[in-house]
Amino acid sequence: MGRDDIPHKETESPIGDIAYLARSGHRIGVLATLAEEPKKRHELCSSTGASSPTIGRILGDFDDRRWIVRDGSTYELTPLGEYVVERFQDLQRAMKTEQELRDVWEYIPREMEGFSVDLFADAVVSYPGPGYPYEPVERVSQLVEGTTKLRGFGTTVFKSVNNETICRCVMDGMDYEYIYPPEVLRATIEWDLERVSQAASCDNCTILLHDAIPDKERCGLGIFDDRIGICCHNEETGLLEAVIDTDDPNAREWAISVFDRHRADARPFSLSDRTDLLPEDVTA
């Protein structure tokens, strides 16, 4: 007996019906195809790649469950079938998100107020791959270069490559408003005082300081024109472990609210009137 031949009595439980669908891509394929529009049997064979006998058995099972109705040679979902396919696809999407975030979960700033996995369900996850550790750094540069306005805080632009991208884009006119933890700004200034000074002197550049950025040892939050992103660092090593970015409107709303909340408590910084963050050879 094949996997499409499971007797109905063996699935008479919620878990049983979930297993019934999950064990065969053809079954969920038929449901998903019928969710788009009613189909004839041969059309279901074509769209799913299943044989006619397999489709026949699946349609029989679905009819027993009241998931479909037949009108002549055409099959369509009942409201009950629509409910099943919608919820099953929700589960598939949820598990896809979980798989993408699983390897970087320990580095995600999940303690940040309002953070939810749902906000990043359709996110792009960039992390160092085997033999190529630069993907997350390059993703930050891509996001910076593709925006006309950048707001954020934390360690998003901590790497030298990203610092250079920020400085260049600011001097090219990008609107930049960023809240730095003091130690991150100090390291940025030490990276290249002259370059940072040139960018900081631009009217479109606003630098702020905050001593209590959430998850400041491992998190950077960036708000770009069309996307928001979080940079996840290893708290012990300081290494950038992942960049997770999304264009989800709810994620954007969350990011803006977090930024605005900390901006209200931040203080302005100017290289001309603060020396405690400058390199010793400059302040001596």
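# Exercises on a predicted model

At 1.5 Å a residue, helix H5 with its 24 residues should span 34 Å, and the 34 Å that separates its end C-alpha atoms agrees with this. The exercises below concern a predicted model, and the first of them returns to this helix.

## Exercise 1: Helix H5 and its surroundings

Task: Determine whether the end-to-end distance of H5 agrees with its expected span, which residues of H5 are buried, and what covers them.

Solution. Step one is the length: the expected span is 1.5 Å times one less than the number of residues, and for the 24 residues of H5 this gives 34 Å, in agreement with the 34 Å between the end C-alpha atoms.

Step two is burial, for which the cut-off is a relative accessible area under 20%; the residues of H5 that count as buried are Gly81, Val84, Val85, Phe88, Thr97 and Leu101. An α-helix has 3.6 residues a turn, so residues three or four places apart point the same way.

Step three is the cover: the elements over the buried residues of H5 include H1, helix H2 (25-36), strand E3 (74-77), strand E4 (124-126) and strand E10 (240-246).

## Exercise 2: Two pockets

Task: Describe the largest pocket by its volume and the character of its lining, and do likewise for the second largest pocket, stating which element gives the largest share of the latter's lining.

Solution. Rolling a probe the size of a water molecule over the atoms shows where empty space is left. Step one takes the largest pocket, which holds about 200 Å³ of space and is lined by Asp90, Arg93, Ala94, Lys96, Thr97, Glu98, Val117, Asp118, Ala121 and Asp122. Sorted by type, this lining comprises three nonpolar residues, one polar residue and six charged residues.

Step two takes the second largest pocket, with a volume of about 160 Å³, whose lining consists of Pro14, Asp17, Ile18, Leu21, Trp67, Tyr83, Val84, Arg87, Phe88 and Leu91. Two or more of these residues come from each of helix H1 (14-22) and helix H5 (79-102), and the largest share, five residues, is that of H5. By type, the lining of the second largest pocket has eight nonpolar residues, no polar ones and two charged ones.

Step three links the pockets to the first exercise: Val84 and Phe88, which are among the lining residues of the second largest pocket, are also among the buried residues of H5, and Thr97, a lining residue of the largest pocket, is likewise one of those buried residues.

## Exercise 3: Strands and their partners

Task: State the strand order of the open sheet that three strands form, and trace which strands pair with E10.

Solution. Step one is the open sheet, in which the order is E1-E3-E2 and the pairing is antiparallel; strand E1 (39-40) and E2 are its edge strands, each pairing on one side only. Four bridges connect E2 with E3, and Val69 stands opposite Glu76 in E3.

Step two turns to E10, which pairs with E4 in the antiparallel sense over three bridges, Ser126 standing opposite Val243 in E10. Strand E9 (residues 228-233) is also antiparallel to E10 and is joined to it by six bridges, with Gly229 opposite Asp245 in E10. Between E9 and E10 the hairpin has six residues, and in this hairpin Gly238 takes a positive phi near 80°.

Step three is burial: seven of the seven residues of E10 are buried, which leaves the strand mostly covered.

## Exercise 4: Three single residues

Task: Decide whether Arg66, Tyr176 and Thr206 are buried, partly exposed or exposed, and place each in the chain.

Solution. Step one: Arg66 is in the loop between helix H4 (52-64) and strand E2 (68-71), and its relative accessibility of 57% makes it exposed. Although Arg66 is not a glycine, its phi is positive, at about 65°.

Step two: Tyr176 belongs to strand E6 (residues 175-180) and, at a relative accessible area of 2%, is buried. Its C-alpha atom is 8.7 Å from that of Gly152, 24 residues away in sequence.

Step three: Thr206 belongs to strand E7 (residues 205-209) and is partly exposed at 32% relative accessible area. Leaving aside residues up to four places away in sequence, Thr206 touches Tyr176, Glu177 and Tyr178, while 7.7 Å separates its C-alpha atom from that of Pro268, 62 residues apart along the chain.

Note on methods:
Residues are numbered from 1 along each chain as its sequence is written. This is a predicted model: local features need pLDDT of at least 70, side-chain atom pairs count only at pLDDT 80 or more; totals for chains, interfaces and linings use all residues. Side-chain values use heavy atoms; hydrogens and water are left out. On a 1 Å grid over the protein atoms alone, a cavity is a set of points where a 1.4 Å probe fits but cannot get out, and a pocket is an open set with protein on both sides within 12 Å along at least five of seven lines; lining residues have an atom within 4 Å of a point. Grid points are joined across faces, edges and corners, and a volume is the space filled by probe spheres set on the points. Ala, Val, Leu, Ile, Met, Phe, Trp, Tyr, Cys and Pro count as nonpolar, Asp, Glu, Lys and Arg as charged, and the others, Gly among them, as polar. Buried means under 20% relative accessible area, exposed over 50%, partly exposed in between (1.4 Å probe, protein chains only). Contact means heavy atoms within 4.5 Å. Two strands pair if DSSP finds at least two bridges between them.
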